[in-house]
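This report introduces the charged and polar side-chain pairs of one protein model. The reader is invited to view the sequence and structure before continuing.

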Amino acid sequence: EGTTPDAFVRRWCLNDEARTLLLSLESSVRHRVMRKFAPQDDTRDVSALFCRFASSVAASDADRLSSERIDGHDDPIAGFIRKWGLTAEDDNFLRTLEPSLQRLVMDKFSPRGETVSSLHALFTSFVRSITRNKLVIRERDQNRGVR
């Protein structure tokens, strides 16, 4: 599995059109496409197959987005999970936090150059760090009499 779009393009010998399509996809869709694309060894035109596959995944994602609307508004946690291509486990973990921590995590989480496979571990570690720091600050403020 390619860890970066360029490595993915090289692995599958994709043409410029397929590369452009890959780079144009929203991040979570791009990561999903890179994880799931697995053509047969005897595929003649891997680039054409890739373009059809990526377009199908993107259309499916758009359908999912419209079904995630709640009272006319997007679920911000679902959007965050989608943006980063995180797992259902990450979604559940984030939803267990108090709302102020949820907002802090969604505002500050910004991995750069991470591979798809390391995002879950990075996210979990990041949330634990934020939670730990928030608890230390809260305890310090309580000891000072600050509310």
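## Salt bridges in the model

The structure, which is a predicted model, holds 3 salt bridges. Side chains of opposite charge can pair when their charged atoms come close. The sections below take the pairs in turn and then consider a serine residue.

## The pair Arg-19 and Asp-6

One salt bridge is formed between the side chains of Arg-19 and Asp-6, with an N to O distance of 3.0 Å. This pair links distant parts of the chain: Arg-19 belongs to helix 2 (residues 16-24) and Asp-6 to helix 1 (residues 5-12), and the two are 13 residues apart.

Are these partners buried or exposed? Arg-19 has a relative accessibility of 32% and therefore counts as partly exposed. Asp-6, at 36% relative accessibility, is likewise classed as partly exposed, because the partly exposed class lies between the limits of 20% and 50%.

## A network around Arg-95

Arg-95 forms a salt bridge with Asp-75, and the closest N and O atoms of this pair are 2.5 Å apart. Here too, distant parts of the chain are linked: Arg-95 lies in helix 6 (residues 88-95), whereas Asp-75 lies in the loop between strand 2 (73-74) and helix 5 (76-84), 20 residues apart. With a relative accessible area of 35%, Arg-95 is partly exposed. Asp-75 has a relative accessible area of 16% and is therefore buried, since buried means under 20%.

Arg-95 also meets Asp-91 in a salt bridge between their side chains, at 2.5 Å from N to O. Both residues are in helix 6, and because they are 4 residues apart, about one helical turn separates them. Asp-91 is buried, its relative accessible area being 13%. Which residues are joined into one network by salt bridges that share partners? They are Asp-75, Asp-91 and Arg-95.

## Ser-28 and its surroundings

Ser-28 is located in helix 3 (residues 27-36). Its relative accessibility is 1%, so Ser-28 counts as buried.

The side chains of Ser-28 and Glu-26 are joined by a polar contact of 2.5 Å. What does Ser-28 contact once its neighbours within four places in sequence are left aside? The residues in contact with Ser-28 are then Arg-82, Lys-83, Trp-84 and Gly-85.

Notes. Residues are numbered from 1 along each chain as its sequence is written. This is a predicted model: local features need pLDDT of at least 70, side-chain atom pairs count only at pLDDT 80 or more; totals for chains, interfaces and linings use all residues. Side-chain values use heavy atoms; hydrogens and water are left out. A salt bridge is a side-chain nitrogen of Lys or Arg within 4 Å of a carboxyl oxygen of Asp or Glu. Buried means under 20% relative accessible area, exposed over 50%, partly exposed in between (1.4 Å probe, protein chains only). A polar contact is a pair of N or O atoms within 3.5 Å; within protein, one must be able to donate a hydrogen and the other to accept it, and residues adjacent in sequence count only if both atoms are side-chain atoms. Contact means heavy atoms within 4.5 Å.
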